[in-house]
Amino acid sequence: MKTWRAHHWFDIASAIPLVAILSFSLFVVWHFLTEPSYSLGFSIFRTDASSSLLGSADQPLKIDQVTSAFQEDKCCRCALDEEKREKSRRVSPLLHGFSDTELLKRAIEMETATSIRYFAKLDCIHSDIAETKNRKNAGSRVPCPDSCGRESTTARVKIAFIFMITTSLPFEALWNKYFQGKGGRYNIYVHADPFNATLFADRSSVFFGRLIPSAKADRGSPSLVMASQRLLANAMLDDPLNQYFALLSGSCIPIRSFDYGYQKITSSKKSFLEMIIFEPVMEERYRGREGGAVTMLPEIPFDKFRKGAHWFVFIRRHALMMLKDQYENKYWAKFDRPCIVHFCGTDEHYYHTLFNILEPEGVTGKTVTHVVWPSWPTEHPIMYQSWDIKKELIEDMRNKDDGHYLFARKFHEDTAESLLALADLILQ
Ligand SMILES: *[C@@H]1O[C@H](CO)[C@@H](O)[C@H](O)[C@H]1NC(C)=O
């Protein structure tokens, strides 16, 4: 069709079906923008777009390949209106007054609109290329003005580092070193409970202005999962280049350089999520919510129930899958119930069980955040104190499993200074 269009560009008779096709496309775009649909057909559409949007460290994406609401492509008139709409939908700056439901809805809607725009834009670009070729052959000037934003600008995919913290971020100085000079390849978002707007007052810190609206997040409860969903939704809305989402806590530290982690994460097409099939606590946790085991059925039989650390790295498509589950309240409804046993650990089961059901082959089964559990039964992993911080400790973690781990926990806030003294080793 493109060749046909190019050869008959100035032919008025041929333009009539073209106008009809364009009007129809515009109508389709308008329809989806005004009435977002989460139908099955649409999910398939989205999946295709998402996989072609996945770039890697070796192959930076052209900015045209990833939709950016901040760039107006004047060559593509048919994409312009849509772009304006998307901009007005975007939640930025980070502090807004949306409820969780509104936030999830917006993130899902924008993702949907973005995939449509991606195809509309590709279409425009192709027709422009055909047109340009045609005119070049005819000896006339290339029609695109320089200012149209179609220069060979390249953009790298970004990792959204999403931090869930309580009263402070004790390793802020170490993280600042970690991110130094790495601009354009990451974004930071922080959820703080209790919320404290003056937490990151230092303008020179990479954390300045990166707090998102936060709410109560209690250990092991559904509200903790809600906090990570809130981080995911905000990060998705904020920047379409955020293609990976790494969840960290205030007691996490990096044990590898940014470049090492960036390479490992962005070359993966899978999410890093730990998958434990069985542990003695699982039966209790499976039946531990109000209503008992029967409320899990039929969607979640016991043999589908999984466990793992909360600390994930998700690809964008998986982050969207979770936001949708929460918005539609399907599997989430099973977990979002009061706990009637000693401890339910919702954050240790929800993601893991969901992915075990929806796309088990899409996750690595292993977290990139190193942790050590004591040999006695406990709900808390080992917390390193200042006297534990030695070169050898960090080296052991770095060498484990062929250098698999990028981050480590849990470190007491008193270790901040000793860790900073080891920054050269940690970030080498
Ligand atoms: C908020 O953060 C600031 C800066 O870290 C700290 O000095 C202050 O005590 C915090 N306020 C509360 C209520 O925790």
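Author: Let's start with a term: a helix here is a DSSP run (H or I) of at least four residues, and helices are numbered from the N terminus. With that in hand, you can place R230 in helix α7, residues 222-238. Keep in mind that this is a predicted model.

Reader: Okay! How many helices and strands does the chain have?

Author: The chain has 15 helices and 11 strands.

Reader: Back to R230, then. Is R230 buried or exposed?

Author: The idea is to compare a residue's relative accessible area with a cut-off: buried means under 20%. R230 has a relative accessible area of 7%, so it counts as buried.

Reader: Which residues is R230 in contact with, leaving aside neighbours within four places in sequence?

Author: The list is D100, L103, H191, I212, P213, S214 and A215. Pick L103 from that list and look at it from the other side. L103 sits in helix α5, residues 100-137. Beyond four places in sequence, L103 touches H96, F98, R230, A233, N234 and L237.

Reader: Why does L103 count as buried?

Author: Because its relative accessibility is 2%. Here's another way to look at L103: pick a residue far along the sequence and check the distance in space. L103 and L323 are 220 residues apart in sequence, and their C-alpha atoms are 9.7 Å apart.

Reader: What share of the chain's contacts with a separation of 6 or more is between residues 24 or more positions apart?

Author: That share is 80%. As for burial, 52% of the 428 residues in the chain are buried. The chain exposes about 19700 Å², with carbon and sulfur atoms supplying 56% of that.

Reader: Now strands. How do I read the pairing of β5?

Author: Check which strands it bridges to, and in which sense. Strand β5 pairs with β3 (residues 158-165) in the parallel sense, over seven bridges. One spot to find is F161, which stands opposite A246 in β5. With β8 (residues 313-315), β5 runs antiparallel, and three bridges join the two. There, Y244 has I315 as its bridge partner in β8.

Reader: And is β5, residues 242-249, mostly covered or uncovered?

Author: Mostly covered: eight of its eight residues are buried. As a general idea, side chains in a regular strand alternate between the two faces of the sheet.

Reader: What order do the strands take in the open sheet of three?

Author: The order is β6-β11-β10, with mixed pairing. The edge strands, each pairing on one side only, are β6 (253-254) and β10 (369-370). Two bridges join β6 to β11 (residues 407-408), and these strands run antiparallel. P254 stands opposite F407 in β11.

Reader: There's a ligand too. Which residues are around the ligand?

Author: They are N196, T198 and L199. The protein buries 32% of the 360 Å² that the ligand exposes when taken alone. A polar side-chain atom of N196 lies 2.3 Å from one of the ligand's oxygen atoms.

Reader: Last one: where does pLDDT stay under 50?

Author: Two stretches to look at are residues 1-10, with 17 contacts beyond four places in sequence in the model, and residues 135-153, with 26 such contacts. Where pLDDT is low, the predicted coordinates should not be read in detail. Over the whole chain, the mean pLDDT is 79, and 68% of the residues reach 70 or more.

Methods:
Residues are numbered from 1 along each chain as its sequence is written. Side-chain values use heavy atoms; hydrogens and water are left out. A residue is near a molecule or strand if one of its heavy atoms lies within 4 Å of it. A polar contact is a pair of N or O atoms within 3.5 Å; within protein, one must be able to donate a hydrogen and the other to accept it, and residues adjacent in sequence count only if both atoms are side-chain atoms. Accessible areas come from the Shrake-Rupley method with a 1.4 Å probe; for residues, only the protein chains shown count as cover. Buried means under 20% relative accessible area, exposed over 50%, partly exposed in between (1.4 Å probe, protein chains only). Contact means heavy atoms within 4.5 Å. pLDDT is the predictor's confidence in each residue, from 0 to 100. Two strands pair if DSSP finds at least two bridges between them.
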